[in-house]
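User: Could you take a close look at one part of this structure for me? I would like to hear about the charged pairing and what surrounds it in the chain.

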Amino acid sequence: MPLEELQVNGGACPFNPGLTLLTLLRELDISPQQVAVAVNDDFYPGAQIPDRPLQAGDTVEIVYITGGG
């Protein structure tokens, strides 16, 4: 099956059909608890990132959560 493409933080990211958001984070070695993610117009804080399927043309923005005081 040919690779499809989505955008991750502004760059092209080829992927195999059937990829989910949590699998993408694992493949990028990113802990869901340390980031917030937007997929197209949907925003998910770290603890609430769903294992939703990704599709060709999706735009994913991953932002690291930092604490401080």
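Analyst: Happy to help; here is the pairing, followed by a few spots elsewhere in the chain. Please keep in mind that this is a predicted model.

A search of the whole structure turns up one salt bridge. Its partners are the side chains of Arg-52 and Asp-42, which meet at 3.1 Å, N to O. The two residues are 10 apart and link distant parts of the chain: Asp-42 is in strand β4, while Arg-52 lies in the loop between β4 (42-44) and β5 (59-64). As background, side chains of opposite charge can pair when their charged atoms come close. Asp-42 has 37% relative accessibility, so this residue counts as partly exposed.

Two loops elsewhere deserve a look for their backbone. Most residues other than glycine have a negative phi. Asn-9, in the loop between β1 (4-8) and β2 (11-15), has a positive phi near 50°. Asn-9 counts as partly exposed because its relative accessibility is 43%. Asp-29 also is not a glycine, and its phi is positive at about 60°. You will find Asp-29 in the loop between α1 (21-27) and β3 (35-39). With 72% relative accessibility, Asp-29 counts as exposed.

Finally, Pro-14 is part of strand β2. Setting aside neighbours within four places in sequence, Pro-14 is in contact with Leu-3, Glu-4 and Glu-5. Its C-alpha atom is separated by 18 Å from that of Val-37, a residue 23 places away along the chain.

Technical notes
Residues numbered from 1 in each chain as written. Predicted model: local features only at pLDDT ≥ 70, side-chain atom pairs only at ≥ 80, totals over all residues. Heavy atoms only, no water. Helix = DSSP H or I, 4+ residues; strand = E, 2+ residues; numbered from the N terminus. Buried < 20%, exposed > 50% of the residue type's maximum accessible area, 1.4 Å probe, protein only. Contact = heavy atoms within 4.5 Å. Salt bridge = Lys/Arg side-chain N within 4 Å of Asp/Glu carboxyl O.
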